[in-house]
Amino acid sequence: MTELSIFDDDDVNRLLCIVAHPDDMEYGASAAVAKWTDQGKAVSYLLLTRGEAGIREMSPEKVVPLREGEQRQACTIVGVEDLEILDFPDGLLEPSHELRRAIAKKIRQFKPDAVMVTNWELKMPWGLNHVDHRAAGIATVDAIRDADNPWVFTDLKDDGLEAWKADRLLVNMGDATHAVVLDDEHVDRAVRSLEAHTVYLEALPDHPAPSDMIPGITSEAGTRAGVKYALPVQVFDM
C-alpha cells in the first residue's frame, strides 16, 4: 500500500468545501474540517442540491427541510457557520455553465486558498459513483479555473466579484497522495457529524455504523502516513 505524505496546511487559511448533497462532507472529510476550524481557519460549505431525492419513502417536500436541518447540525458539530445550499435538482446534476457559474461565484465571494470536493471518478472502491458526485467534481474543477479567468462569467465582475485563484484542490475519497493528520477528537466529531443525519441514515438499514466507518477510514490512512488518524486526500496544485 502506497505511503502518504503529510499535507502541509499551514499556509491554507480559507477552505471552501463543495459537494452535491447534505451528508457528503460527513464521510471522513468533516474530521479535517473539525481540525481546521479548531485552528481558526475559515471553512465554508457549498451544497449544490438540497438532497430532496435522497430518501425513497419520503416526498421531496418533506425531505428538504429535514436534510437541511440535519446538515446544519452536522456543521455545528465541526465548527462550520457558513453553509450555503443551492437548488440544483438532486439526482439530475449536470456540469453545466449554470452550475459552473454558481460555483465560480461562491469562489469569488469566499476567496478560498483551497477547495475540497469528493471524488468524481465513475469507479469507486465500493462500486459505481453517484452521477451527482461526478457532475459536482467536474463542474468544480472547471469553476476553479472560471473563477480565476476575468473573461469568463464577466457579469460576476460587473457585480463587483473580481477574479480569484484558489491555489489547491483537495479530493476526498480519491486516489490519495497526502494525509491530513487528525487527532481523536477530530475523528469523534466526524462520527457525530455523520450521526447527525439521523433520518437519512435510518432510511439506509444496511449503512455501516458511523462509529465503525469513520475510524476505519481515518485509521487506515493514518497507518499509511505513519500517524494514528488521517484523512486521505488527493492534492492538485491549480
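**Entry 1: sorting the residues**

Before looking at any lining, I fix my classes: Ala, Val, Leu, Ile, Met, Phe, Trp, Tyr, Cys and Pro count as nonpolar, Asp, Glu, Lys and Arg as charged, and the others, Gly among them, as polar. I also remind myself that this is a predicted model.

**Entry 2: the largest pocket**

I started with the largest pocket, which holds about 1,000 Å³ of space. I counted 34 residues lining this pocket, and those closest to its centre are Tyr27, Trp126, His133, Met173 and Met213. Sorted by class, the lining has 15 nonpolar, 11 polar and eight charged residues.

Which element gives the most to the lining of the largest pocket? I found that helix 8 does, with five residues. Helix 8 covers 210–225, and along with strand 6 (123–124) and strand 7 (127–128) I have it down as supplying at least two residues of that lining.

**Entry 3: Arg50 and its partners**

Next I went through the salt bridges, and the count came to 14. I picked out arginine 50, which forms a salt bridge with glutamate 68, with the closest N and O atoms 3.5 Å apart. This pair links distant parts of the chain: arginine 50 is in the loop between strand 3 (42–49) and helix 2 (60–78), glutamate 68 is in helix 2, and 18 residues separate them.

Are these two buried or exposed? Neither word fits, I noted, because arginine 50 has 22% relative accessibility and counts as partly exposed, and glutamate 68 is partly exposed too, at 23%.

Then I saw that arginine 50 also forms a salt bridge with aspartate 87, where the closest N and O atoms are 3.4 Å apart. Again the pair links distant parts of the chain, with aspartate 87 in strand 4 (residues 82–88), 37 residues from arginine 50. I wrote down aspartate 87 as exposed, because its relative accessibility is 61% and exposed means over 50%.

**Entry 4: a pair within helix 6**

My last pair was glutamate 185 and arginine 189, a salt bridge with the closest N and O atoms 3.7 Å apart. Why are they about one helical turn apart? Because they sit four residues apart in helix 6 (residues 184–195). I checked both ends: glutamate 185 is partly exposed at 44% relative accessibility, whereas arginine 189 is buried at 8%.

To finish, I traced shared partners and found that salt bridges join Arg50, Glu68, Arg72 and Asp87 into one network.

Technical notes
Residues are numbered from 1 along each chain as its sequence is written. This is a predicted model: local features need pLDDT of at least 70, side-chain atom pairs count only at pLDDT 80 or more; totals for chains, interfaces and linings use all residues. Side-chain values use heavy atoms; hydrogens and water are left out. A salt bridge is a side-chain nitrogen of Lys or Arg within 4 Å of a carboxyl oxygen of Asp or Glu. Buried means under 20% relative accessible area, exposed over 50%, partly exposed in between (1.4 Å probe, protein chains only). On a 1 Å grid over the protein atoms alone, a cavity is a set of points where a 1.4 Å probe fits but cannot get out, and a pocket is an open set with protein on both sides within 12 Å along at least five of seven lines; lining residues have an atom within 4 Å of a point. Grid points are joined across faces, edges and corners, and a volume is the space filled by probe spheres set on the points.
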